Amino acid sequence: MAESEKFYQNIFTSLIDGIFIISDDLKIIMVNQASEEIFQRSKGSFEGLFLEKIFPNQPKVIGHIRQAVVDGTPYHHMEAIGFRKSNNGYFPVNLTFSPIIKGRDERSTGVILIKDNTFTKELLEDSQQVEYLATLRTLSAGMAHEIRNPLSGIRGSAQLLLKDLQDSDQREYIEIVIAEVDRINRLVTKMMDLSHPSSENFNQTNIHQVLEEILALEGESLKKKKGKFIQVYDPSLPTIEANKDGLKQVFLNLVKNAVEASPKGGQVTITTEFNNNYTLRKINNALLTSNIVIKITDSGVGMNETTKKNLFTPFFTTKKRGTGLGMTISLKIIESHSGKIKVTSEKNIGTVVQVFLPINRK
Ligand SMILES: Nc1ncnc2c1ncn2[C@@H]1O[C@H](COP(=O)(O)OP(=O)(O)OP(=O)(O)O)[C@@H](O)[C@H]1O
Ligand SMILES: [Mg+2]
C-alpha cells in the first residue's frame with residue numbers, strides 16, 4: 001500500500017466519530033471503527049445494509065439524505081435517532097452528509113459523519129434539572145412554612161370541637177376535617193424535605209442492604225398482585241459514600257412506582273452493576289469504575305409523552321391518591337449525591353429507571 005494511502009486509512013480508522021460510505025441507493029458500503037463502537041455491531045454486519053435499518057422510522061431524515069445524493073449537495077447537522085441492537089436501543093445522533101465526487105467505475109456517492117449525541121444531550125438535561133431544582137427549593141420552603149402554621153391552628157380547634165360534640169354525624173364531619181388536615185400536613189412535610197439541603201449523614205453504605213430493606217417493605221403489596229421481584233445484584237460492588245435514609249426514600253418511591261404500574265402477575269427487576277456506559281468512558285476514563293448504576297425495570301403501563309415530560313414536575317401525578325412529589329424528591333436526593341436519574345419508558349411495554357451514583361462523592 002502506498003504511504004499516502006496508508007496515511008488516509010489511518011485517519012479513517014482513528015476518527016472518534018462514525019463514518020459511513022454509502023451508495024446512491026442508500027446502502028452502506030463501508031464504515032470505520034468508531035461506527036462499530038457507536039452502534040455496537042461488527043464492521044461486516046453493516047455492509048449492504050439500508051440506512052433505514054440504522055435510522056429506522058425516520059422518513060424525513062432518509063428523505064433529506066436521498067435528496068442530497070441526487071443534488072450532490074452537502075447537508076449539515078441533521079438530528080436523528082440511531083438504533084443499536086444491544087442495550088437500550090435508540091440514541092440521539094447528529095449527521096453530516098458530504099457527497100463524493102465520483103471517479104470512473106466507483107459506486108460510492110456519499111459520506112455520512114455520525115456524532116453520538118447521548119452525552120451532549122445528557123449534560124444539557126442535567127444542567128436543566130439542577131437549575132429547576134434550585135427554583136423549586138426556594139418556592140417550596142416558603143410555601144411549606146406558610147401552610148403549616150394555619151394548619152396547626154385548624155387541627156387544634158377541630159380537636160377541641162370534637163371533645164364537646166355528641167352528635168355522631170357531626171363528629172364524623174370533624175373527624176374528616178382532622179384526617180384531611182393530617183393529609184395536607186404529610187404533603188407539606190414532603191415539601192419541606194425538598195427545601196432542606198441533605199448533605200449531612202453521608203456514610204459508607206451498602207446499596208444491596210438498602211434495596212433489601214425496601215423489598216421487605218414492598219414485597220407484600222406486590223404479592224397481592226401476584227407479582228414478584230427479581231434481583232440481579234453484582235456482588236463485587238463496593239460500598240458507596242451515601243445518605244442511607246435518603247437512598248431508602250428514593251428506591252422506595254421507585255420500587256413503589258414500578259409496583260403500582262405493574263399489572264397482576266407483573267415482575268419488577270432490580271439490577272445493580274458498575275456503570276460501563278461507553279460514551280461516559282470515552283469522555284473521562286475515571287468514570288469507568290467510579291459509578292454504580294441501580295436499574296429498576298417493570299413491565300407495567302409505561303408512560304405517555306406528557307407523563308415523561310412532567311415526571312419530575314412537583315405535584316404531577318396520574319394516580320388517585322398520589323402526591324406527585326415522589327420523583328421530584330428522588331431527583332433532589334440523587335442530585336445531592338452527585339448522581340443522576342435516567343428514565344426510559346414505552347407505553348404499554350414498561351419502564352426502566354436507572355440511578356447512577358458515584359462511589360465517592362465529589
Ligand atoms: N414505573 C412507572 N411506570 C409508569 N408510570 C410511572 C412510573 N413511575 C412514575 N410514573 C408516572 O409518573 C408520575 C409521577 O410519579 P411520582 O412518583 O412523582 O408521583 P406519584 O407516584 O404519582 O405519587 P407519590 O409518589 O406521592 O405516591 C406517576 O403518577 C406516574 O404517572
Ligand atoms: Mg411515586
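## Ligand 1 and its shell

Of the 22 residues around ligand 1, those that come nearest are Ala-261, Thr-317, Gly-322, Gly-326 and Met-327. The structure is a predicted model. By residue class, the shell around ligand 1 holds 8 nonpolar, 12 polar and 2 charged residues.

Two helices, helix 8 and helix 12 (326-336), each supply at least two residues of this shell. The largest share, 4 residues, comes from helix 8.

## Helix 12

Helix 12 is mostly covered, with 8 of its 11 residues buried. The buried residues of helix 12 are Gly-326, Met-327, Thr-328, Ile-329, Ser-330, Leu-331, Lys-332 and Ile-333. Gly-326 and Met-327 are also among the residues that come nearest to ligand 1.

After helix 12 comes Ser-338, which has a positive phi, near 60 degrees.

## The chain as a whole

The protein chain contains 12 helices and 12 strands. Its length is 362 residues, of which 23% count as buried. Among contacts in the protein chain with a separation of 6 or more, 62% are between residues 24 or more positions apart.

## The five-stranded sheet

One sheet is open and has 5 strands in the order 7-9-10-12-11, with mixed pairing. Strand 7 (228-232) and strand 11 (340-346) form its edges, each pairing on one side only. On average, and with direction ignored, neighbouring strands of this sheet are turned by 15 degrees against each other.

The pairing can be followed from strand 7 inward. Strand 7 pairs with strand 9 (residues 267-274) in the parallel sense, over 5 bridges; here Val-232 has Thr-271 of strand 9 as its bridge partner. Strand 9 in turn pairs with strand 10 in the antiparallel sense, over 7 bridges, and Ile-270 is matched with Ile-296 in strand 10. Between strand 10 and strand 12 the pairing is again antiparallel and runs over 8 bridges, with Thr-351 in strand 12 as the bridge partner of Asp-298.

## Strand 10 and the helix across it

Is strand 10 enclosed or open? Strand 10 is largely enclosed by the rest of the structure, because 6 of its 8 residues are buried.

Helix 8 (residues 244-261) lies across strand 9, strand 10 (291-298) and strand 12 (350-358). Relative to strand 10, helix 8 runs at about 25 degrees. Helix 8 thus appears in two settings: across these strands and in the shell around ligand 1, with 4 residues.

## The N-terminal elements

Helix 1 (residues 3-14) has 12 residues and reaches 16 Å from its first C-alpha to its last, close to the 16 Å expected at 1.5 Å a residue. None of this helix is covered: the number of buried residues is 0 out of 12, so helix 1 lies largely in the open.

Strand 1 (residues 18-23) has side chains that alternate between two faces. Gly-18, Phe-20 and Ile-22 point to one face and are buried, while Ile-19, Ile-21 and Ser-23 point to the other and are not. Strand 1 runs antiparallel to strand 2 (residues 28-31), and 3 bridges join them. One of the residues on the face that is not buried, Ile-21, has Met-30 in strand 2 as its bridge partner.

## Two loop residues with positive phi

Most residues other than glycine have a negative phi. Which residue of the hairpin of strand 1 and strand 2 takes a positive phi? That residue is Leu-26, in a hairpin with 4 residues between the strands. The phi of Leu-26 is about 60 degrees, although this residue is not a glycine. Leu-26 has 18 C-beta neighbours inside 10 Å; a buried residue needs 20 or more and an exposed one has 12 or fewer, so Leu-26 counts as partly exposed.

Lys-226 also has a positive phi of about 60 degrees without being a glycine. Lys-226 lies in the loop between helix 7 (207-224) and strand 7, the latter being an edge strand of the sheet. With 11 other C-beta atoms within 10 Å, Lys-226 is exposed.

Methods:
Residues numbered from 1 in each chain as written. Chains lettered and ligands numbered in written order. Predicted model: local features only at pLDDT ≥ 70, side-chain atom pairs only at ≥ 80, totals over all residues. Pairing = 2+ DSSP bridges. Axes fitted to C-alpha atoms, helices over the stretch in contact; angles between N-to-C directions. Contact = placed C-beta atoms within 7 Å. Near = placed C-beta within 6 Å. Nonpolar A, V, L, I, M, F, W, Y, C, P; charged D, E, K, R; others polar. Expected span 1.5 Å × (residues − 1).
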